[in-house]
Amino acid sequence: FKLEPGRFSVGISETKNSLGLLREAIKEAVSAAVSAFISGETQKRFSQIGCDGLIIPYLDSRQHLQFYHRALERISAYDEGHSSHLLETLLCYIDSEGDVALTAKKLFQHGNTVRYRLDKIKNILGISASADAYVQLYMFAKMHKIYNILNGEPLI
């Protein structure tokens with residue numbers, strides 16, 4: 001194998017005591033590998049993937065796909081119709097761990113512009129201003145990265 005560093009990650013499942021659990025072990029290992037790749041790590045154990053363990057193994061579920069595609073379509077349609085950068089702002093905001101000032105700095109925008117865009121995203125998606133809002137935005141952004149990796153598309 002000629003594997004380039006930074007182009008792959010290794011996932012390690014939890015120890016299983018039965019060959020009957022091989023399917024589960026493989027799913028855990030793949031989930032851990034995807035999680036490691038997203039975070040720029042070369043390897044990760046399934047026990048270390050946190051919230052990714054709630055997302056990655058279920059990416060093909062109807063509920064996950066509906067949530068993701070509905071949000072992506074709404075944000076993308078707005079971006080196309082208004083030449084805005086809502087998707088880019090959202091992904092940068094989540095990468096910046098919800099720090100508006102850092103997001104603004106990375107995007108060369110004013111903090112109020114970032115706040116306006118985030119409010120616009122919440123409005124478009126029908127997310128109320130609650131403690132749950134960040135979680136929904138985080139889940140969408142995480143799913144976006146994962147789907148892009150699995151589809152071989154570049155990350156924004």
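1. A helix's expected span here is 1.5 Å times one less than its number of residues. H3, with its 21 residues, reaches 30 Å from its first C-alpha to its last, close to the 30 Å expected at 1.5 Å a residue. Please keep in mind as you read on that this is a predicted model.

2. Now for the overall picture. The protein chain comes to seven helices and two strands, and from the N terminus its elements run β-α-β-α-α-α-α-α-α. Its C-alpha trace spans about 55 × 35 × 25 Å along the principal axes. Of the 156 residues, 40% are buried. Among contacts with a separation of 6 or more, 54% are accounted for by residues 24 or more positions apart. The chain exposes about 9800 Å², and carbon and sulfur atoms supply 54% of that area.

3. The largest nonpolar core is a good place to look next. It holds 32 residues, and those with the most contacts inside it are Ile 75, Leu 90, Ile 121, Leu 125, Leu 137, Phe 140 and Ile 146. Two or more residues each come from helices H1 (22-38), H3 (62-82), H4 (86-95), H5 (100-107), H6 (111-125) and H7 (132-150). H7 gives the most, with eight residues. In soluble globular proteins, nonpolar side chains tend to be buried together.

4. Leu 125 deserves a click in your viewer. Leaving aside residues up to four places away in sequence, Leu 125 touches Ala 71, Arg 74, Ile 75 and Leu 137.

5. Back to H3, where burial is worth tracing. Its buried residues are His 64, Tyr 68, Ala 71, Leu 72, Ile 75, Tyr 78 and Asp 79. Seen down the helix axis, these fall within an arc of 135 degrees, so they line one face of H3. An α-helix has 3.6 residues a turn, so residues three or four places apart point the same way. On the other side of H3, Arg 62, Gln 63, Glu 73, Glu 80 and Gly 81 are exposed. The cover over the buried residues of H3 includes H2, H4, H6 and H7. After H3 comes Ser 83, with a positive phi near 50 degrees.

6. What covers the buried residues of H7? The cover includes H1, H2, H3, H4 and H6. The buried residues of H7 include Leu 137, Phe 140 and Ile 146, which are also listed among the residues with the most contacts inside the core. Polar names appear in the buried set too, including Lys 142, His 144, Lys 145 and Asn 148. As for geometry, the 19 residues of H7 should span 27 Å at 1.5 Å a residue, and its end C-alpha atoms are 27 Å apart, which agrees.

7. H1 passes the length check as well: its 17 residues should span 24 Å at 1.5 Å a residue, and the end C-alpha atoms are 24 Å apart. Its buried residues include Ala 25, Glu 28, Ala 29, Val 34 and Ile 38. What covers the buried residues of H1 includes strand E1 (10-12), strand E2 (43-45), helix H2 (52-55) and H7. H1 is followed by Gly 40, whose phi is positive, near 75 degrees.

8. Lastly, the cysteines. How many disulfides does the structure hold? The count is zero. Cys 51 counts as partly exposed because its relative accessibility is 41%, while Cys 92, at 11%, counts as buried; the cut-off for buried is under 20%.

Note on methods: Residues numbered from 1 in each chain as written. Predicted model: local features only at pLDDT ≥ 70, side-chain atom pairs only at ≥ 80, totals over all residues. Heavy atoms only, no water. Core = buried A, V, L, I, M, F, W, Y, C linked by side-chain atoms within 4.5 Å. Buried < 20%, exposed > 50% of the residue type's maximum accessible area, 1.4 Å probe, protein only. Helix = DSSP H or I, 4+ residues; strand = E, 2+ residues; numbered from the N terminus. Contact = heavy atoms within 4.5 Å. Arc of directions from axis to C-beta. Disulfide = S-S within 2.5 Å. Areas by Shrake-Rupley, 256 points an atom, 1.4 Å probe, with all protein chains shown as cover.
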